[in-house]
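Here are a few exercises to work through with the viewer open. Try each task yourself before reading the solution below it.

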Amino acid sequence: MEALRAEGVCTSIGVCNFTPAALAALLAVCSVPPAVNQVERHPLLPQWELLDFCVSKRIVVQAHSPLGQGRAELLQHEVIRRVAQESGLSPAQVLLQWNLRHGVAVVPKCSSVSHATEILNSVAPATTRLSPAQMELIDTLAPAKKRFVNPPFMSGGLASSSFAW
C-alpha cells in the first residue's frame, strides 16, 4: 500500500477493523500511517479505547454500520427513541449525530431516496443538535458491547486479518 501511495495511485492509506493493538503493531513497522480506520461503531459498540487511540495517533475513525444495520435493538432502543422524540429527530438522525459529535465520520447505508434525505438532513445546518445531556445519556448504553457485524477474522487478538485499503 505504501508503494502505491508513493507511485501516486492513491493519496492516503486506510485500514478496516483494526484494534488498538493491531494499529500499534502496524505503526511500529510502517512508514506511512493509515489516515483512517473504518470500524463498526454505534452506541451499543462505542469502542472508546479505539477512538482515544486513533485520536492520539491522528487516525480518523470512520463508522460503518452506524445504524446497527437497521436492527430494532438499536434503532428502537428506548433511550434512542426518547432522545429522538425530545429532539425532533428520527432515531437514525440521533445515531448519526452521536457519532459525528464524537468526531467520527459515518458511512450509513441508504436503501432509498427518503433514507438518503433523512441522512443528509441529520447534518444540515438547520438540524436540531443533541444536547450535552442527551449525548451523555447515549454514551452510557454499551455495557454489553453489542456487535452486529461479526466476521470470523474479528475473533483474533490483533484482528491481524483486518483489511487494508
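**Exercise 1. Salt bridges**

Task: Find how many salt bridges this predicted model holds, and work out where the partners of each pair lie in the chain.

Solution:

Step 1. Start with the count: the structure holds three salt bridges.

Step 2. Take Arg147 and Glu40. Their closest N and O atoms are 3.7 Å apart. This pair links distant parts of the chain, with Arg147 in the loop between H8 and strand E5 and Glu40 in strand E2, 107 residues apart. Now look at how well each partner is covered. Arg147 is partly exposed at 25% relative accessible area, whereas Glu40 has 1% relative accessibility and counts as buried, because the cut-off for buried is under 20%.

Step 3. Go on to Lys146 and Glu73, whose side chains form a salt bridge with an N to O distance of 3.9 Å. Lys146 lies in the loop between H8 and E5 and Glu73 in helix H4, so this pair ties together parts that are 73 residues apart in sequence. Lys146 is partly exposed, with a relative accessible area of 30%, and Glu73 is partly exposed too, with 42%.

Step 4. Finish with Arg82 and Glu86, which meet at 3.7 Å, N to O. These residues are four apart in helix H5, which means that about one helical turn separates them. Arg82 is partly exposed, with a relative accessible area of 40%.

**Exercise 2. The two faces of a helix**

Task: Decide which residues of helix H5 are buried, and which exposed residues sit on the face turned away from the buried side.

Solution:

Step 1. List the buried residues of H5, which spans residues 78–87: Val79, Ile80, Val83, Ala84 and Ser87.

Step 2. Check their directions around the axis. The buried residues cover an arc of only 135°, so they are on the same side of H5.

Step 3. Turn to the face pointing away from that side. There you find the exposed residues Glu78, Gln85 and Glu86. Glu86 has already appeared above, as the salt-bridge partner of Arg82.

Step 4. Ask what the buried side packs against. The buried residues of H5 pack against helix H4 (72–75), helix H6 (91–101) and helix H8 (132–139).

Step 5. Look just past the end of the helix, where Gly88 takes a positive phi of about 80°.

**Exercise 3. Polar contacts around a histidine**

Task: Which side chains make polar contacts with the side chain of His64, and is His64 buried or exposed?

Solution:

Step 1. Locate the residue: His64 belongs to strand E3. With a relative accessible area of 14%, His64 is buried.

Step 2. Follow the polar contacts. The side chain of His64 contacts that of Asn17 at 3.4 Å, and a polar contact of 3.1 Å joins the side chains of His64 and Ser65.

Step 3. Examine Ser65, placed in the loop between strand E3 (60–64) and H4. Ser65 has 15% relative accessibility and counts as buried.

Step 4. Now read off the other neighbours. Beyond four places in sequence, His64 touches Asn17, Gln38, Val39, Glu40, Arg41, Val107 and Val149. With its neighbours within four places left aside, Ser65 is in contact with Glu40, Arg41, His42, Val107 and Val149.

Step 5. Add a C-alpha distance: His64 and Pro108 are 6.5 Å apart in space and 44 residues apart in sequence.

**Exercise 4. The whole chain and its surface**

Task: Describe the order of elements in the protein, then find which residues form a nonpolar surface patch with about 260 Å² of accessible area together.

Solution:

Step 1. Count the elements: there are eight helices and five strands. From the N terminus on, they run α-β-α-β-α-β-α-α-α-β-α-α-β.

Step 2. Consider burial and contacts. Of the 165 residues, 41% count as buried. Among contacts between residues at least 6 apart in sequence, 66% join residues at least 24 apart.

Step 3. Move to the surface. The protein exposes about 8900 Å², and carbon and sulfur atoms supply 57% of it.

Step 4. Pick out the patch, which is formed by Met1, Leu4 and Val9. Met1 is in the segment before helix H1 (2–6) and counts as partly exposed at 40% relative accessibility.

Methods:
Residues numbered from 1 in each chain as written. Predicted model: local features only at pLDDT ≥ 70, side-chain atom pairs only at ≥ 80, totals over all residues. Heavy atoms only, no water. Buried < 20%, exposed > 50% of the residue type's maximum accessible area, 1.4 Å probe, protein only. Helix = DSSP H or I, 4+ residues; strand = E, 2+ residues; numbered from the N terminus. Arc of directions from axis to C-beta. Contact = heavy atoms within 4.5 Å. Polar contact = N/O pair within 3.5 Å; in protein donor to acceptor, adjacent residues only side chain to side chain. Patch = residues over 30% accessible without salt bridge, like charges linked within 9 Å, V, L, I, M, F, W, Y side chains within 5 Å. Areas by Shrake-Rupley, 256 points an atom, 1.4 Å probe, with all protein chains shown as cover. Salt bridge = Lys/Arg side-chain N within 4 Å of Asp/Glu carboxyl O.
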